[in-house]
Amino acid sequence: MTGPPGPPGIPGIPGISVITETYAFHVGLTSSYPSTDGPIKFGKVFYNEQSIYNTGSGKFIAPTRGLYFLTYQITVDNKNVHITLQHNGKIVQHMYHAYGSQTNQASGSSILELQWKDEVWLQVAGTDNGLFADSDNDSTFSGFLIS
């Protein structure tokens with residue numbers, strides 16, 4: 001036999017707010033061996049509905065404070081490649097790939113806690129610039145807000 005229900009419990013601690021806005025971008029490289037004197041400019045836009053990636057500057061600009069996942073997938077051809085992931089001008093990650101005798105793929109990813117208007121970009125380091133682009137669009141840079 002079941003007895004009568006008890007009194008309500010003590011209210012719990014408020015939870016973390018739920019993300020209500022989608023922030024994401026996915027862009028592709030349009031020309032091989034981009035300039036080495038600044039951010040790599042990915043000119044082909046697959047997704048950038050919130051305009052958080054600037055194709056003119058080559059920079060992702062954080063639209064809000066939060067934790068972001070950033071990733072890049074590149075094709076390496078003809079030379080070695082050395083890329084840095086930069087956050088507000090500081091290198092947070094290096095990716096180096098030694099070219100063999102065939103076209104290869106290389107990638108990297110990072111999770112960064114960003115503040116509003118922080119800037120993140122990819123940049124070729126030194127003279128190792130084997131970044132390749134063609135109609136397959138297989139050199140890409142992407143990111144999205146996790147929380």
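# A tour from Thr-64 outward

Begin by selecting Thr-64, which sits in the loop that runs between β4 (59-61) and β5 (66-87); bear in mind throughout that this is a predicted model. Thr-64 counts as partly exposed, because its relative accessibility is 26%. If you display its surroundings and set aside the neighbours within four places in sequence, you will find Thr-64 in contact with Tyr-23, Leu-114, Gln-115, Trp-116 and Leu-145. For a sense of distance, select Gln-102 as well: this residue is 38 residues from Thr-64 along the chain, and the two C-alpha atoms are separated by 41 Å.

Next, move to Arg-65, whose side chain meets that of Glu-113 in a salt bridge, at 3.4 Å from N to O. Glu-113 belongs to strand β7 while Arg-65 belongs to the loop between β4 and β5, so this pair ties together parts that are 48 residues apart in sequence. Arg-65 itself is exposed, since its relative accessible area is 54%.

How many salt bridges does the count come to? The count comes to two, and to see the other partner pair you should select Glu-119 and Lys-59, whose closest N and O atoms are 3.2 Å apart. Here Glu-119 lies in strand β8 (residues 119-132) and Lys-59 in strand β4, so the bridge ties together parts that are 60 residues apart in sequence. Glu-119 has a relative accessible area of 26% and is therefore partly exposed.

Now select Asp-77, in strand β5. Which side chain of opposite charge is nearest to Asp-77? It is Lys-79, but this side chain is 10 Å away, and Asp-77 is buried without a salt bridge. A salt bridge would require a side-chain nitrogen of Lys or Arg within 4 Å of a carboxyl oxygen. Not counting residues up to four places away in sequence, what you will find touching Asp-77 is a set made up of Tyr-33, Tyr-99, Thr-103, Gly-130 and Phe-132.

Stay in strand β5 and select Asn-78, where the backbone phi is near 75°, a positive value in a residue other than glycine. Most residues other than glycine have a negative phi. Asn-78 counts as exposed, because its relative accessibility is 53%. A second residue to inspect for its backbone is Asn-88, in the loop between β5 and β6 (90-97), with a positive phi near 50°. Asn-88 is partly exposed, because its relative accessible area is 40%.

Then turn to another asparagine, Asn-48, placed in the loop between β2 (44-47) and β3 (53-54). Is Asn-48 buried or exposed? At 13% relative accessibility, Asn-48 counts as buried. Show its side chain and look for two polar contacts with the backbone: a polar atom of that side chain lies 3.0 Å from the backbone nitrogen of Ile-52, and the side chain also reaches the backbone oxygen of Tyr-53 at 2.8 Å. Tyr-53 appears again, together with Ala-24 and Phe-25, in the list of residues in contact with Asn-48 once its neighbours within four places in sequence are left aside. Finally, add Ser-142, which is 94 residues from Asn-48 along the chain, although their C-alpha atoms are separated by 9.6 Å.

To finish, switch to a surface display and select Ile-111, Phe-144 and Ile-146, which make a nonpolar surface patch of about 270 Å². Of this group, Ile-111 can be located in strand β7 (residues 104-114), the strand in which you have already met Glu-113.

Definitions and conventions. Residues are numbered from 1 along each chain as its sequence is written. This is a predicted model: local features need pLDDT of at least 70, side-chain atom pairs count only at pLDDT 80 or more; totals for chains, interfaces and linings use all residues. Side-chain values use heavy atoms; hydrogens and water are left out. Patches are made of residues with over 30% relative accessible area and no salt bridge: like charges are joined within 9 Å, nonpolar side chains (Val, Leu, Ile, Met, Phe, Trp, Tyr) within 5 Å. Accessible areas come from the Shrake-Rupley method with a 1.4 Å probe; for residues, only the protein chains shown count as cover. Helices (H or I, at least four residues) and strands (E, at least two) are DSSP runs, numbered from the N terminus. Buried means under 20% relative accessible area, exposed over 50%, partly exposed in between (1.4 Å probe, protein chains only). Contact means heavy atoms within 4.5 Å. Lys and Arg count as positive and Asp and Glu as negative; His and the chain ends are not counted. A polar contact is a pair of N or O atoms within 3.5 Å; within protein, one must be able to donate a hydrogen and the other to accept it, and residues adjacent in sequence count only if both atoms are side-chain atoms.
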